[in-house]
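Work through the exercises below with the model open. Try each task before reading its solution.

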Amino acid sequence: MYEYFFQFADIHIRIAAPFRIHVSSESIPFMSQGIEEPHLILSFLPVDSLPTISLDGNWIEDRYYRYVRGLHEIFVRSFPGADPYARLVCGDGSIQCEYLSNFESKFAETCDILNLIGLEKILLDHSGFLLHSSLICHQNKTILFSAPCGVGKSTQADLWNRFRSAEILNGDRAGVRFSNDFWCAYGMPFAGTSGIYQNASAPIAAVVTLDQGPENLIQRLRPMEAIRRLLLECSCRRWDSEFMNRMLDLLLKFVGSVPVYHLVCRPDEGAVNLLYDTLLKDGLL
């Protein structure tokens, strides 16, 4: 049996498998010594067959081709119409993955496993969520730039690195958690095209949603508008009503404590200066 230990957003995970797992480059900074008590234990068990799925109307199919029933059992398949090759049995602090032996290659990479178990659910179970954003650290506080792909998250992070010497912690998705009475942002093993992924964290100064425009303009968002924009960029199990209810409750708590701004901007130093001056005026830096 092979064991692997990881820490994501201060959540400790132990993986036990009867096969070797290739730890991808973006996951290496998140490996730990396994000294801490794990919050979650993921174990793999080869089986000759899986229980038959009865399509009786109680099952839900999500975009990742998983069959789901309630919160405790998930059947995984490769594509619509295919038979499942694995079953996840979820317990309190544990996930057991029963898999057909000839599908062992599905779990060869750590990125495959993280997609399998769903870090968004693990974060939510620990008062956190996964936000599509570029994460920077400036003066020991973090700023998250969040927007759809192609709008300019990485560009604004790069500009802050260039003009304000901010450190870029993550280029594509950041973990956000409420821990020890404050909200903190964490680098995660998802870099996107930036190639930047650090196992580092700091308290959050602000979240900034982005749009491109002919001039630089900024406004602080009201809570409901902030939730609407953030929810679009959060990793969610949208097919799971209980997950979504919990997620909305957490976002409501988040926007009640952390300021969310909307920045319409150009890719220039003026955008950096406008945001910096706004955060300074509001006492956030």
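The exercises below treat one helix and some salt bridges of this predicted model.

**Exercise 1.** Check the length of helix H5 against its expected span.

Solution.
- Step 1. H5 covers residues 241-255, which is 15 residues.
- Step 2. At 1.5 Å a residue, the helix should span 21 Å.
- Step 3. The end C-alpha atoms are 21 Å apart, so the two values agree.

**Exercise 2.** Find which residues of H5 are buried, and on which side they lie.

Solution.
- Step 1. The buried residues are Phe 243, Met 244, Met 247, Leu 250, Leu 251, Phe 254 and Val 255.
- Step 2. Their arc around the axis is only 125°, so they sit on the same side of H5.
- Step 3. Ser 241 and Asp 249, on the other side, are exposed.
- Step 4. Recall the geometry: an α-helix has 3.6 residues a turn, so residues three or four places apart point the same way.

**Exercise 3.** Work out what the salt bridge between Arg 237 and Glu 120 ties together.

Solution.
- Step 1. The side chains meet at 3.4 Å, N to O.
- Step 2. Arg 237 is in the loop between H4 and H5, and Glu 120 is in H2, so the pair links parts 117 residues apart in sequence.
- Step 3. Buried means under 20% relative accessible area. Arg 237 is at 7%, so it counts as buried. Glu 120, at 15%, is buried too.

**Exercise 4.** Do the same for Asp 125 and Arg 246.

Solution.
- Step 1. Their closest N and O atoms are 3.0 Å apart.
- Step 2. Asp 125 lies in the loop between H2 and strand E9, and Arg 246 in H5, so this bridge ties parts 121 residues apart in sequence.
- Step 3. Asp 125 is partly exposed at 41%. Arg 246 is partly exposed at 30%.

How values were computed:
Residues numbered from 1 in each chain as written. Predicted model: local features only at pLDDT ≥ 70, side-chain atom pairs only at ≥ 80, totals over all residues. Heavy atoms only, no water. Helix = DSSP H or I, 4+ residues; strand = E, 2+ residues; numbered from the N terminus. Expected span 1.5 Å × (residues − 1). Buried < 20%, exposed > 50% of the residue type's maximum accessible area, 1.4 Å probe, protein only. Arc of directions from axis to C-beta. Salt bridge = Lys/Arg side-chain N within 4 Å of Asp/Glu carboxyl O.
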